[in-house]
Each structure stands twice: as structure tokens, then as C-alpha cells.
Amino acid sequence: MAVQEVLKMGHPILRQVALPVTEFNTPALDNLILDMKDTMVAYNGAGLAAPQIGASLRVMIFGIAENSRYPEAETIEETILINPEFDILDESTEEGWEGCLSVPGLRGLVPRYQKIRYRGYDKMGKLVEKEVENFHARVFQHEYDHLNGVLYPQRITDMTNFTFETELPYYIATKASPND
Ligand code: NI
């Protein structure tokens with residue numbers, strides 16, 4: 001295990017535009033990916049971007065088997081994407097609650113495109129391409145933002161929709177009230 005410290009909001013590396021990976025199938029890239037996996041698992045994250053462990057490179061991983069932090073989420077097979085890009089397949093967005101290991105203890109309601117097609121490379125440099133929607137599309141867009149120095153709080157359109165995790169159940173109950 002090589003669990004790394006997760007940088008927190010405010011750290012300058014989290015605001016940088018990360019650099020593309022130029023060499024695939026290298027020990028350095030393998031080690032980075034292993035560290036990212038170990039760190040994501042240790043913190044029970046749904047995804048992680050390389051800048052979060054201090055490497056300003058365009059590498060993301062995500063995957064959800066069963067995640068107690070996102071009990072309602074669909075399962076997503078473990079995916080490594082290097083130098084990812086995406087196309088928007090449907091301009092419509094959907095609001096959903098997000099959290100981030102770099103913003104511990106908080107949740108925010110963030111709009112994301114519902115349907116996208118992403119492409120990137122695996123660690124050997126092989127092209128990976130997929131059409132995804134809903135939570136899968138959300139996780140990708142969240143991690144993609146990390147590669148451009150953007151954290152989800154910057155995407156919240158109404159800051160009253162930013163809350164501590166512990167308050168989320170009360171918060172949703174109040175917000176959903178028909179008398180609201
Ligand atoms: Ni994050």
C-alpha cells in the first residue's frame with residue numbers, strides 16, 4: 001500500500017491545469033496509478049485525480065463497487081483514464097449532490113451534463129472510449145474538472161445548496177418540503 005496524503009482545497013496544485021502524460025507504460029506512471037488506487041480505496045472515494053495526491057498530471061481513476069459514501073449510486077467498473085477528453089451528447093444538465101476527498105465533510109448540489117462520451121488512454125496507451133450517463137457521467141466530469149484546477153464548490157449555482165455531510169439529511173428534508 002502506498003496511500004498518499006490527499007491535498008485539500010486551497011492547495012495551489014489543486015488550482016493548476018495539469019499536464020498531459022507523454023510517456024505510457026513507464027514505472028513512474030504505474031506507481032502513480034497504484035498510489036491513486038490505494039489512496040482512493042483507503043479513503044473510500046468514488047474517484048481520484050492525480051493532482052489530489054500532488055501529481056499535476058492528466059490522470060484520473062474512478063469506480064464504484066458498493067460505496068457507503070454513495071449508497072444510492074450505480075456500480076461503475078474501475079476505470080483509469082489518462083489525458084481524457086469528452087463530448088457532450090445531450091446539453092441537458094441534472095443537479096446532484098457531490099462530495100470530494102479534497103473538500104472533506106461537505107456536500108454540494110452541482111449541475112452536470114447527463115450524457116457524455118469520454119475518451120482517454122489506459123496506462124499502456126490504449127484508447128478507452130465510452131458513452132455514459134447519469135452518475136457515471138457525473139463522476140467523470142467531477143474528476144475532469146480536477147485536471148483543470150476546478151473543484152466542485154466552484155460549480156454550485158446556488159450556495160445555499162452547500163452543506164456539511166452530517167446535515168445533509170435534514171437539509172434535503174427541509175428543502176424538499178412542499179411548504180418551502
Ligand atoms: Ni474530487
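**Exercise 1. The nickel site**

State in which helix His-142 and His-146 both lie and how many residues apart they are, and then describe the coordination of the nickel ion.

*Solution.*
Step 1. Helix α2 contains both His-142 and His-146, which are four residues apart, about one turn of the helix. Helices (H or I, at least four residues) and strands (E, at least two) are DSSP runs, numbered from the N terminus. The model is a predicted one, in which local features need pLDDT of at least 70 and side-chain atom pairs count only at pLDDT 80 or more, while totals for chains, interfaces and linings use all residues. Residues are numbered from 1 along each chain as its sequence is written, and side-chain values use heavy atoms, with hydrogens and water left out.

Step 2. The nickel ion is coordinated by NE2 of His-142, NE2 of His-146 and SG of Cys-100, at 2.1 to 2.3 Å. Donors are N, O and S atoms within 2.8 Å of the metal (3.2 Å for Na, K and Ca); water is not among the atoms, so sites may look incomplete.

Step 3. Along the chain, the donors follow the spacing C-x41-H-x3-H.

Step 4. Relative accessible area is classed as buried (under 20%), exposed (over 50%) or partly exposed (in between), with a 1.4 Å probe and protein chains only. His-142 is buried because its relative accessibility is 7%; His-146 is buried because its value is 1%.

**Exercise 2. The second largest pocket**

Which residues line the second largest pocket, and which elements each supply at least two of them?

*Solution.*
Step 1. On a 1 Å grid over the protein atoms alone, a pocket is an open set of points with protein on both sides within 12 Å along at least five of seven lines, whereas a cavity is a set where a 1.4 Å probe fits but cannot get out; lining residues have an atom within 4 Å of a point. The lining comprises Phe-86, Thr-93, Pro-111, Arg-112, Tyr-113, Gln-141, Tyr-144, Asp-145 and Arg-155.

Step 2. At least two lining residues come from each of β3 (76–98), β4 (106–121) and α2 (134–147).

Step 3. By class, the lining has four nonpolar, two polar and three charged residues. Nonpolar are Ala, Val, Leu, Ile, Met, Phe, Trp, Tyr, Cys and Pro; charged are Asp, Glu, Lys and Arg; the others, Gly among them, are polar.

Step 4. The space in this pocket is about 180 Å³, a volume being the space filled by probe spheres set on grid points that are joined across faces, edges and corners.

Step 5. One of the lining residues is Gln-141, which lies in helix α2. Its relative accessible area is 5%, so Gln-141 is buried. Not counting residues up to four places away in sequence, Gln-141 touches Phe-86, Arg-112, Tyr-113 and Ile-116, contact meaning heavy atoms within 4.5 Å.

**Exercise 3. The overall fold**

Establish the order of the secondary structure elements and assess how compact the protein is.

*Solution.*
Step 1. The protein has three helices and six strands. In sequence order they read α-β-β-β-β-β-α-β-α. The radius of gyration is 16 Å, close to the 16 Å that the globule rule gives for 180 residues, so the protein is as compact as a globular protein of that length. The radius is taken over C-alpha atoms, and the rule is 2.2 Å times the number of residues to the power 0.38.

Step 2. Along the principal axes, the C-alpha atoms fill a box of roughly 60 × 35 × 30 Å.

Step 3. Of the 180 residues, 46% are buried. Among contacts with a separation of 6 or more, 65% join residues 24 or more positions apart.

**Exercise 4. Individual residues**

Is Tyr-118 buried or exposed, and where do Asn-44 and Asn-83 lie?

*Solution.*
Step 1. Tyr-118 lies in strand β4 and counts as buried, because its relative accessibility is 0%. Leaving aside neighbours within four places in sequence, its contacts include Phe-62, Leu-81, Phe-86, Val-128 and Phe-140.

Step 2. Asn-44 is in the loop between α1 (27–42) and β1 (47–49). Its phi is near 60 degrees, a positive value in a residue other than glycine, and Asn-44 is partly exposed at 28% relative accessible area.

Step 3. Asn-83 is in strand β3. Although not a glycine, Asn-83 has a positive phi of about 50 degrees; with a relative accessible area of 18%, Asn-83 is buried.
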